[in-house]
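Student: I am new to this structure and should like a close look at one part of it, with the surroundings described as they become relevant. Please take the model below as the starting point.

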Amino acid sequence: MAENQKTHNTKPVSSTGLIHIYCGDGKGKTTTGMGLCARAAGYGLKVLIYQFMKDNSTSERKVLSLSENITIVDGLPQEKFSFRMTPEEKAERKSYYEQQLRTVTQKATDEAYDVLFLDEAIYTIRAGLLDEALLLDFLQKKPAHLEVILTGQNPSQELIEMADYVSEIRKIRHPFDKGLRARKGIES
């Protein structure tokens with residue numbers, strides 16, 4: 001390799017890990033977060049991903065799991081929308097997701113990850129299945145170098161104020177409005 005050629009397998013010198021929020025009613029919040037994870041892993045950063053409210057079958061997981069720099073923590077093998085859950089199921093999920101948040105954030109801290117993606121954490125909070133105070137506490141105490149990505153609709157003002165990046169993805173048009181269901185590899 002030429003002496004002046006840069007490699008993409010070295011970590012940045014910066015120790016500033018920022019907080020990203022991708023929110024809104026448009027398609028692409030998870031896709032955006034996964035793209036940032038792919039970029040970070042390609043640069044040599046160590047990435048940890050957990051998806052709230054999703055089963056373990058999303059298409060992007062298959063390709064990202066091939067990277068040695070990305071760890072994906074499995075969730076439940078099956079999941080359903082919160083509005084279809086019974087009160088008992090909601091109570092079970094709340095306990096489960098709060099424990100998962102503790103486990104994943106502890107792993108990110110203990111194993112010195114560079115990027116932590118908590119996909120649909122904001123949705124899970126809005127659905128009453130995750131106590132926002134737990135997430136806020138972690139974000140206030142997170143390792144200084146850890147980059148954190150959050151997705152979901154309608155983040156609280158507290159989350160918005162804590163974040164360094166807040167990007168809203170707004171739906172203008174979507175094929176679902178015309179009855180077209182999610183297509184494999186494109187929307188799912």
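Student: Is Thr151 buried or exposed?

Tutor: Thr151 is buried, with a relative accessibility of 0%; buried stands for under 20% relative accessible area, exposed for over 50%, and partly exposed for what lies in between, with a 1.4 Å probe and protein chains only. The model is predicted, so local features need pLDDT of at least 70 and side-chain atom pairs count only at pLDDT 80 or more, while totals for chains, interfaces and linings use all residues. Residues are numbered from 1 along each chain as its sequence is written, and side-chain values use heavy atoms, with hydrogens and water left out.

The predictor's confidence in each residue, pLDDT, runs from 0 to 100. Its mean over the chain is 89, and 93% of the residues reach 70 or more. Over residues 1-9, however, pLDDT stays under 50.

Thr151 belongs to strand 5, which spans residues 147-151. Helices (H or I, at least four residues) and strands (E, at least two) are DSSP runs, numbered from the N terminus. The side chain of Thr151 reaches the backbone nitrogen of Glu120 at 2.6 Å. A polar contact is a pair of N or O atoms within 3.5 Å; within protein, one must be able to donate a hydrogen and the other to accept it, and residues adjacent in sequence count only if both atoms are side-chain atoms. Leaving out residues up to four places away in sequence, Thr151 touches Tyr22, Lys29, Thr30 and Phe117, among others, where contact means heavy atoms within 4.5 Å.

Two of these partners, Lys29 and Thr30, are among the buried residues of helix 1, as are Gly33, Met34, Cys37, Ala40 and Ala41. These residues share one side of helix 1, because they cover an arc of only 125° around the axis; the arc is that of the directions from the helix axis to the C-beta atoms. In general, an α-helix has 3.6 residues a turn, so residues three or four places apart point the same way. Thr31 and Arg39, on the other side of helix 1, are exposed. The buried residues pack against several elements, including strand 1 (19-23), strand 4 (115-119) and strand 5. Helix 1 has 15 residues (29-43) and should span 21 Å at 1.5 Å a residue; its end C-alpha atoms are 22 Å apart, which agrees. The expected span is 1.5 Å times one less than the number of residues. Gly44, with a positive phi near 105°, follows helix 1.

Cys37 of helix 1 is buried at 0% relative accessible area, and Cys23 is buried at 8%. A disulfide is a pair of cysteine sulfur atoms within 2.5 Å. The sulfur of Cys37 has its closest cysteine sulfur in Cys23, 17 Å away, which is too far for a bond. The count by this rule is 0 disulfides.

Ahead of strand 5, His145 sits in the loop that follows helix 5 and is partly exposed, at 30% relative accessible area. Although His145 and Ser15 are 130 residues apart along the chain, their C-alpha atoms are separated by 4.4 Å. In helix 5 (residues 132-141) lies Glu132, which is buried at 14% relative accessibility. The side chain of Glu132 makes a polar contact of 2.6 Å with that of Ser156.
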